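Trainee: Got a minute to look at a model with me? I'd like to talk through its aromatic side chains.

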Amino acid sequence: MHKVIDQAFAAALYTDGDEGLDTGASLLAADPTADEALRRRGEEFVRRAWERGWQPADLVRIVRRDLEAGHEQLLAELITAEVRGYDRLPPRWQAQLDALDPAPYRAGDRFTRATAVLELYRLLLRLPAIEPVGPAPGATPLHVQLPHHHAEPRMLTRIRALLAKAEATGFPDEAEALSAKAQELMARHSIDEARLSAQGHDPDAPAACRIGVDAPYETAKAILLDAVASANRCRAVWNGSYSFSTVVGFEPDLEVVELLYTSLLVQGTAAMTRAEAGQRAGGRKRTKTFRQSFLMAYASRLGQRLTETTEQVTAAEADGSLLPVLAARDVAVEASADRMFPETTTTRVRGATDYEGWEHGTAAADAAHVQQPGVRGKLSPGRETP
């Protein structure tokens, strides 16, 4: 244990305000011999975060929201160093690690760096325990390379490519053709996975993942994600305090939810930008209420469209013998979500106040390219952890 680090932590991490940070940073800046031990303490804070249910993307999201870019770079360095100590990684972790900011943190002087380190450690230390959505990384020291992860199914690769093209094209007819093909592939993928699981000797069980729901207009985004999740046999629970929703469902459906939500959000944001430009060209200034109303209408109308689409896809793709299987999977998802979140509240949504924003958002939802396979769900105001 390093005495200077203990003194710095006592001054900075267990108090509020800048005075304690300045005292702690001064102590660390004056003692270069503490640097290595300070870094190891940071890795320990990250490891404790894993034990309390947090994952790399969760930490990045909260640091990005509450601190600055330099803190995110420091966090990336700690996470990268910490995961080298494990011989296996849980599902979804590699993609989160690949998304870390690769730029090293560079401070002008030791005091500035020490201040940033203590600010980051203070945040990590105070993170509460949250519901885990998978195992923490294995604790066996790593003497070999991390295992290679399986490539995603070819079907999802094709769906991902179709969605990217639908978002990028400027030709509505081409986008419609691309999205229609993606919709067909998604439906086949989801129902085929359910059929294969039912025929297997070791049926799969519901899993969970977290999807970021960032400001601004996070309420509308959470409702959109809830609609996408419900339509794909999943359940979403929004945690507004930490800017994410936890989505519970079977793994193939979780992958589809993430792809579709991201695509629809990109399309909605682009449509909102075009609508604002048109309003400005007409001489009317757009406001925050316009954007809020736009996205609320977009999410609400898409909820209706997704429900209609899932009913049509189910009728066309699922035969009578598969319907009980799908119903059983719905029950399993609800039971798993209830175990994870025994206490949830219903969020009251503030009404939209800009009529033109609502009209434009509804029109954008009608024009959006919906590609999803689900079988159930109506849009709700959103479930949220208390």
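Mentor: Sure, ring rules up front: rings of Phe, Tyr and Trp (its six-membered ring) pair if their centres lie within 6.5 Å, and planes under 30 degrees apart count as stacked, over 60 as edge-to-face and the rest as tilted. This is a predicted model, so local features need pLDDT of at least 70 and side-chain atom pairs count only at pLDDT 80 or more, while totals for chains, interfaces and linings use all residues. Residues are numbered from 1 along each chain as its sequence is written, and side-chain values use heavy atoms, with hydrogens and water left out.

Trainee: OK, how many aromatic pairs does the structure hold?

Mentor: There are 7. In one of them, Trp50 and Trp93 meet edge-to-face, 4.8 Å centre to centre with 70° between the planes.

Trainee: Are those two buried or exposed?

Mentor: Trp50 and Trp93 are both buried, meaning under 20% relative accessible area, with exposed over 50% and partly exposed in between (1.4 Å probe, protein chains only).

Trainee: And how do Phe290 and Phe294 pair up?

Mentor: Their ring centres are 6.3 Å apart and the planes sit at 40°, so that pair is tilted. Phe290 is buried at 0% relative accessibility, and Phe294 is buried too, at 1%.

Trainee: Which rings form a cluster?

Mentor: Phe9, Phe45 and Tyr121, linked by ring pairs.

Trainee: Switching to charges, what sits over the ring of Phe244?

Mentor: The charged end of Arg210, 5.2 Å from the ring centre. The test is NZ of Lys or CZ of Arg within 6 Å of the ring centre and within 35 degrees of the ring normal. Arg329 lies over the face of Phe250, at 3.8 Å from the ring centre.
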